[in-house]
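Subject: Structure for your review

Dear colleague,

Please find below the structure that I am handing over to you. My notes on what was found in it follow directly after.

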Amino acid sequence: MAPRHPAPALRRKHRRARLRTLAFLSPWLVGFGVFFAYPLLATVYFSFMHYNQIEAPTFVGLRNWTYVLGQMPLFGPALWNTLWLVVVMVALRVVFGLGIGLLVTKIKSGVGIFRTLFYLPCLAPPVAATVAFVFLLNPGTGPVNEVLSGIGVSAPNWFNDPAWAKPSLVMLSLWGIGDLMVIFMAALLDVPKEQYEAAELDGAGALAKFRYVTWPSITPIVMFAVVTGVVQTMQYYTQALVAGKLASGVSVGPGSSIQPGYPDHSTLTVPQLIYSLGFQNFNTGAACVLSLVLFAIAMAVTSLLMRKSAGLQTAED
């Protein structure tokens with residue numbers, strides 16, 4: 001009859017295996033605890049506190065949540081601008097990135113030059129790229145408006161016009177489309193050529209080959225680009241803030257201070273509002289509430305996209 005409990009030697013072996021596994025996992029566990037779990041729990045804690053980063057926090061219940069969700073006048077515009085950028089910017093970046101990737105893979109000669117030219121803009125630092133774009137699109141002295149005026153086109157005010165400020169930011173993001181181009185180009189080159197040859201034998205044209213051969217093969221990469229684009233755009237901060245400062249005439253540098261969102265709060269995003277509340281107005285509780293709301297929206301959108309992606313791939317299989 002076998003013993004009910006393993007022998008001491010076997011128990012020691014299992015213990016050593018668990019400790020070895022824990023040792024291999026320890027770098028990730030430390031990073032997860034320090035850089036994700038603790039900040040998240042601290043954010044939840046401070047969302048119920050009045051804390052100005054100087055005095056000790058005091059419990060205020062749901063007062064911060066009530067203020068942010070029901071009384072803060074800039075919460076609605078900031079959330080709308082962020083969601084607008086998520087929908088428009090992510091969609092256009094995916095479309096343009098895929099289109100340029102298709103174009104580059106079809107070029108027969110000089111492909112290295114074209115790859116370099118399309119990829120170089122995404123290497124520019126965000127602040128430098130934004131400064132250059134604001135200069136180019138300056139309504140008074142910018143070369144873009146001078147060219148448009150020279151051909152008889154009424155040029156917009158770009159970053160100085162609330163109706164054109166967000167589209168100008170989208171143009172800036174499309175200028176640095178090289179990162180997505182490289183990802184899509186790798187996915188397109190990985191599609192088996194035998195499938196294209198079989199489609200040609202069946203009389204498929206270019207559109208049919210893209211629909212029935214290319215698209216099913218690159219769908220996981222497209223969903224990856226969409227999900228990562230949504231997460232990145234939810235955190236959109238630097239370009240909008242720098243563009244607003246420069247367009248308003250405030251120099252970017254130490255000591256410069258301006259309410260974000262110029263012009264007329266059209267470029268105000270939730271991350272900018274979080275920074276303004278937490279580090280300019282020292283309202284840490286309201287800033288934590290906004291951070292949790294942004295986190296919840298990002299998690300919900302990402303989960304929805306992942307479920308749609310899983311359903312789409314199952315249907316294709």
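W28 is found in helix α1, and this tryptophan is exposed, with a relative accessible area of 55%. Before going further, I should state that this is a predicted model.

**The nonpolar surface patch**

W28 belongs to a nonpolar patch on the surface, whose area is about 870 Å². The other members are L19, L22, L25, L29, F32, F36, F295 and M299. Two helices, α1 and α13 (284–316), each contribute at least two residues to this patch. Helix α1 provides the largest share, namely seven residues.

**The positive patch**

Helix α1 spans residues 8–46 and also contains K13. This lysine is part of a surface patch of positive charge, in which R11, R12, R15, R16, R18 and R20 gather with K13. The relative accessible area of K13 is 52%, so this residue is classed as exposed, the cut-off for that class being over 50%.

**Salt bridges**

How many salt bridges does the structure hold? There are two. As general background, side chains of opposite charge can pair when their charged atoms come close.

One of the two salt bridges joins the side chains of R93 and D179, with an N to O distance of 3.1 Å. R93 sits in helix α3 (residues 75–106) and D179 in helix α8 (residues 178–189), so this pair ties together parts that are 86 residues apart in sequence. R93 has a relative accessibility of 15% and therefore counts as buried, since buried means under 20%. D179, with a relative accessible area of 32%, is partly exposed.

In the other salt bridge, the side chains of K209 and E200 meet at 3.2 Å, again taken from N to O. K209 counts as buried, at 18% relative accessibility.

**Helix α12**

Helix α12 covers residues 270–280, and S276 has its place there. Is S276 buried or exposed? With a relative accessibility of 4%, S276 counts as buried. Once its neighbours within four places in sequence are left aside, S276 is in contact with Q259, P260 and N281.

F279 is found in helix α12 as well. In contrast to the buried S276, F279 is exposed, and its relative accessible area is 55%. F279 and V134 are separated by 145 residues in sequence, and their C-alpha atoms are 26 Å apart in space.

**The loop between α11 and α12, and its contact with P162**

The loop between α11 (238–248) and α12 is the place of P263. Which peptide bond here is cis? The bond from Y262 to P263 is cis, with omega near 0°.

D264 is found in the loop between α11 and α12. Although D264 is not a glycine, it has a positive phi of about 55°. At 63% relative accessibility, D264 counts as exposed.

P263 and D264 both appear among the contacts of P162, together with S266, when neighbours of P162 within four places in sequence are left aside. P162 itself is found in helix α7, which runs over residues 162–175. At 35% relative accessibility, P162 counts as partly exposed. From C-alpha to C-alpha, P162 and P126 are 21 Å apart in space, while 36 residues separate them in sequence.

**A positive phi at Q53**

Q53 is likewise not a glycine, and its phi is positive at about 70°. This glutamine has its place in the loop between β1 (49–50) and β2 (58–59). Its relative accessibility of 33% makes Q53 partly exposed.

**In brief**

For convenience, I repeat the main points here.

- Helix α1 holds K13, a member of the positive patch, and W28, a member of the nonpolar patch.
- The salt bridges pair R93 with D179 and K209 with E200.
- The peptide bond from Y262 to P263 is cis.
- Positive phi values are found at Q53 and D264, neither of which is a glycine.

I hope that these notes are useful to you as you examine the structure.

Yours sincerely

Key
Residues numbered from 1 in each chain as written. Predicted model: local features only at pLDDT ≥ 70, side-chain atom pairs only at ≥ 80, totals over all residues. Heavy atoms only, no water. Patch = residues over 30% accessible without salt bridge, like charges linked within 9 Å, V, L, I, M, F, W, Y side chains within 5 Å. Areas by Shrake-Rupley, 256 points an atom, 1.4 Å probe, with all protein chains shown as cover. Salt bridge = Lys/Arg side-chain N within 4 Å of Asp/Glu carboxyl O. Lys, Arg positive; Asp, Glu negative; His and termini not counted. Charge placed at Lys NZ, Arg CZ, Asp CG, Glu CD. Helix = DSSP H or I, 4+ residues; strand = E, 2+ residues; numbered from the N terminus. Buried < 20%, exposed > 50% of the residue type's maximum accessible area, 1.4 Å probe, protein only. Contact = heavy atoms within 4.5 Å.
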